[in-house]
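This briefing concerns the structure shown below. It takes up a helix and its packing, then a strand and its partners, and lastly the surroundings of a ligand.

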Amino acid sequence: MEIVTETKVKTRNRISTVNTVTFLEIVYWLAFIFSIMVKCFYFQFTTQLNKKPFFSYENICMLVASSGILLIITGLVLLFTNRRRVIALFVCDLFLSVLLMADTNFYRYYYDIITVPVVLQIDIKLLNSVDQSIMSLFNIKDIIYLLDIPAMLAGAVVLCKKGIKKMQILKKAVISLLIIVIGLTSFFIVYKKEDVYAFVYNSNYIAKNLGVLYSHLDTTREFINDTLESKELTYKEKESVTSYFEEKQSAGSKYRGIAEGKNLIIVQVEAMQQFVINREVNGREITPNLNRLIKESLYFDNFYFQVAGGNTSDAEFLCNNSLYPAKEGAAYIRFDENTYYSLPKMLKEKGYKTYALHAFSAEFWNRTKMYKAVGFDEFINSDDYVMDDFMGWEGNALSDESFFRQSLDKIDTEKPFYSFFITLSSHHPFNAFEDYEFDAGEYEGTYLGNFIKAANYADYALGKFIQDLKDRGLYDNTLLVIYGDHSAVPKHLAHELMSFVGTEYSDLEWTKLQKVPLIIHYDGFMNGEVKSITGGQIDILPTVANLMGIDAPYALGKDLLNAEKGYVILRNGSIITDDYVYLNNTREMYDIKTGESLDKNEYKDEISLLLNELNISDMILENDFFRYINNILNCDEKIVKY
Ligand code: GP9
Ligand code: MN
């Protein structure tokens, strides 16, 4: 009798332990789903991909699609056996948390989500160079990504110790299938409603509408397709690229060759946005030297940066090749063995010596390799400079002043030359300028205030450089081009910039602020003229080529001095023209002057035509199109037919 009771008690105890463990495991799974959902939601809003009110139709769609993807992941993890499934769930939690945290920081700087090509281009050694920049992008609230990790770890340990309940294979398969089906159904209900591939692929649009998790799956699928796809263009693709260039009419030849045979100096200025030009703080000009130069130069005041995942390197790429940046990652890293039809190569054909100068590690952005492909004869980098003065970035980068001072001695000025200078001091996060002598007034101590100081310093160094050119007798026989590489103020600090320029935030106003200055100086040429045609960095090559008397038959950009209509296409598929702004993230369209909403359907054909430039550029880049062209360096050569 006693033995029977004891067995019953033992069985009851075992059942109750099993029930407790099952209960604990269910709580564990729910905690996983809840915490990842909260993190995804936080990501969508901290990046401002999605906006308040939280429960708008758009946000609910994003939420449903994200939960769908998360359920699919959960269903798949459930297929692991016993302890493995709890460990797998914890690993999943950890991986997704770290990924979302990295995405957040990456997005704050690059306005994009991390993709496989981006991960493949990370160079751990060079990460040290940007650690301050990365750290400055952290927000204390980002701790949300890590809050559950200790509890989830403790949960996994407890569950593994107590012994996970073995599940029958069939039962497990049914539950997991059910979860996956629910996940797939909720995802596809939303997916069906979205025209995610209308006009052009845009990972931000996808992330905004279907959630960051799906955006990752989508870009990874895209990467796998690209990797498996043949690198040979199909006949149809070759036809579309060749006919694009054949049909692209030269808009005219005004001012052709006015600087023929002269030297060419292009200076790409780090993070120099246009809003500091001709602006004062506390009665003092931020950029007095550039303002003075503009008065004796040709100035473009509707000139946008077009960079993507390659940031500074993309600006260089746009300028020297007149191609769009890569769809994913940096062209400098992914396509460093391509054949390019570049500005240095064109000038070399004319007997110029070509130099790229940048006082930083030669490996950064894979410049050594890429400059060879682009055709620079010499790359003068940090190894070639005496590190005698430090300013700005990370506190250990050569100052722009010293960079310019030393650079001109390294160029053979006896022969015609093209020198491409890339400055460095005014690099994000600008906190090295906190104590810099320029008084930023009410902006003192703010991010924007520090940028204003950095811009003032960059301007000071440029002023000295211009004086040096004059002293050496180079100023009057050189075509001097100065432009900024990309933005300085990230979107999450938009409020600082909006209050500085005295405008209310709107997507349209923010977009219109994404400009950089473009200054072209040539002795006596259009001095003091301001051109307001809309353009971007891709237009530098054809504009400069025309002034230097060179043909640029394979440039995707336009000659800003001959084009009739201005426009700029951004890598994310947004378009800005002289008349309107089309935002591919929101699919909204506005009259650029009045801000009035426009019906995008009325412009559908024009938008598709303009966005075709991105496809042409991608085909050229991804399939190394220029290697098909005979005699690449002979500008008069016709495109070969296939
Ligand atoms: C480093 C410099 C910075 O060489 O060009 O690049 P960024 O971080 O601005 O892309
Ligand atoms: Mn830069």
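**Packing of helix H17**

Strand E1 (263-269), strand E6 (353-357), strand E8 (417-422) and helix H18 (447-471) are the elements against which the buried residues of H17 pack. The model is predicted. Helix H17 spans residues 400-407 and is mostly covered, with seven of its eight residues buried.

- The buried residues of H17 include the acidic pair Asp 400 and Glu 401.
- Phe 403 and Phe 404 are also buried in H17, as are Ser 402, Gln 406 and Ser 407.

**Strand E10 and its partners**

- In strand E10 (residues 518-521), Leu 518 and Ile 520 point one way, while Ile 519 and His 521 point the other way; all are buried.
- In general, side chains of a regular strand alternate between the two faces of the sheet.
- Strand E4 (residues 298-300) runs antiparallel to E10 and is joined to it by three bridges.
- Strand E9 (residues 478-484) also pairs with E10 in the antiparallel sense, over four bridges.
- Ile 520 in E10 has Leu 298 opposite it, and Val 481 likewise stands opposite Ile 520.

**Surroundings of ligand 1**

- Ligand 1 has 13 residues around it, of which Asn 311, Thr 312, His 358, Arg 367 and His 427 come nearest.
- By class, this shell comprises six nonpolar, five polar and two charged residues.
- Oxygen atoms of ligand 1 lie 3.0 Å from a polar side-chain atom of Asn 311, 2.5 Å from one of Thr 312 and 2.8 Å from a side-chain N or O atom of His 427.
- On its own, ligand 1 has 310 Å² of accessible area, and the protein covers 99% of it.

How values were computed: Residues numbered from 1 in each chain as written. Chains lettered and ligands numbered in written order. Predicted model: local features only at pLDDT ≥ 70, side-chain atom pairs only at ≥ 80, totals over all residues. Heavy atoms only, no water. Near = heavy atom within 4 Å. Polar contact = N/O pair within 3.5 Å; in protein donor to acceptor, adjacent residues only side chain to side chain. Areas by Shrake-Rupley, 256 points an atom, 1.4 Å probe, with all protein chains shown as cover. Nonpolar A, V, L, I, M, F, W, Y, C, P; charged D, E, K, R; others polar. Buried < 20%, exposed > 50% of the residue type's maximum accessible area, 1.4 Å probe, protein only. Helix = DSSP H or I, 4+ residues; strand = E, 2+ residues; numbered from the N terminus. Contact = heavy atoms within 4.5 Å. Pairing = 2+ DSSP bridges.
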